[in-house]
Amino acid sequence: GGSSFSPARPANEARMTLCLVAPAACDGSWEDLTLNLEGRELGGTLPTQLGLLSDTLISLNLGDNAISGTIPTQLGRLQRMSSGLWLGRNRLSGTIPEELGFLQKMNLELDLSENDLSGTLPARLALLTTLESQLLLHANHLSGTVPAAFAALKPHRCQLASRIRSRARGGGEPRANRFECPYTPLNNACEIRALACPPAPP
């Protein structure tokens, strides 16, 4: 157990891979799963059955793969998640589920950056005040206003803008969030300098 991030044990890693390619294999019977499947060229979509691991999964890294589709709302059930959730650098689309704001035990990072996510920012994400590293949402296609609730996040702990102008895989236009001004309630809580808003008044 514990909240520190470490590579998965081979047996658990194999079963998690099976879960991704055969969702019926997710039966919620494992203990204290800490899984790192970053950069394994995994494709397909995220199975909703991941939500069945609510009593066991404490860390999940699926970053830098080729996973597509939407982020299942069922990930919000993983309320034992005490380390982090890494889904950055994939091909995920659709909106960010507000249910991710229920993962309030996470103390490291939530990374959804460099995908094809669109829509607005759920204000509920501002409940993730225990994150000691970062909330990474940059280089997507998000828009709308930045909720004032994001001012509750620790200073400089989230990246919202397209500070890294990541080019979509296979060419195409660079991903870039387009949030509306003003963002004065944020008080520098988030990295938004690339949003081209006028300076906040003194």
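This section describes the salt bridges of the predicted model.

Three salt bridges are present in the structure. In one of them, Glu38 pairs with Arg89, with a separation of 2.8 Å between the closest N and O atoms. Because Glu38 is located in the loop between β1 (33–36) and β2 (57–61) and Arg89 in the loop between β4 (84–86) and β5 (91–94), this contact ties together parts that are 51 residues apart in sequence. Both partners are partly exposed: the relative accessibility of Glu38 is 35%, and that of Arg89 is 25%.

Arg89 also takes part in a salt bridge with Asp111, at an N to O distance of 3.7 Å. Here the loop between β4 and β5, which carries Arg89, is linked to strand β6 (residues 109–111), which carries Asp111; the two residues are 22 residues apart. Asp111 has a relative accessibility of 5% and is therefore classed as buried, the term applying under 20%. Glu38, Arg89 and Asp111 are thus joined in a network of salt bridges.

A further salt bridge is formed by Glu98 and Arg124, whose closest N and O atoms are 4.0 Å apart. Glu98 belongs to the loop between β5 and β6, and Arg124 to the loop between β7 (116–119) and β8 (134–136), so that parts 26 residues apart in sequence are tied together by the pair. Glu98 is partly exposed at 41% relative accessibility, and Arg124 likewise counts as partly exposed, at 29%.

Notes. Residues are numbered from 1 along each chain as its sequence is written. This is a predicted model: local features need pLDDT of at least 70, side-chain atom pairs count only at pLDDT 80 or more; totals for chains, interfaces and linings use all residues. Side-chain values use heavy atoms; hydrogens and water are left out. A salt bridge is a side-chain nitrogen of Lys or Arg within 4 Å of a carboxyl oxygen of Asp or Glu. Helices (H or I, at least four residues) and strands (E, at least two) are DSSP runs, numbered from the N terminus. Buried means under 20% relative accessible area, exposed over 50%, partly exposed in between (1.4 Å probe, protein chains only).
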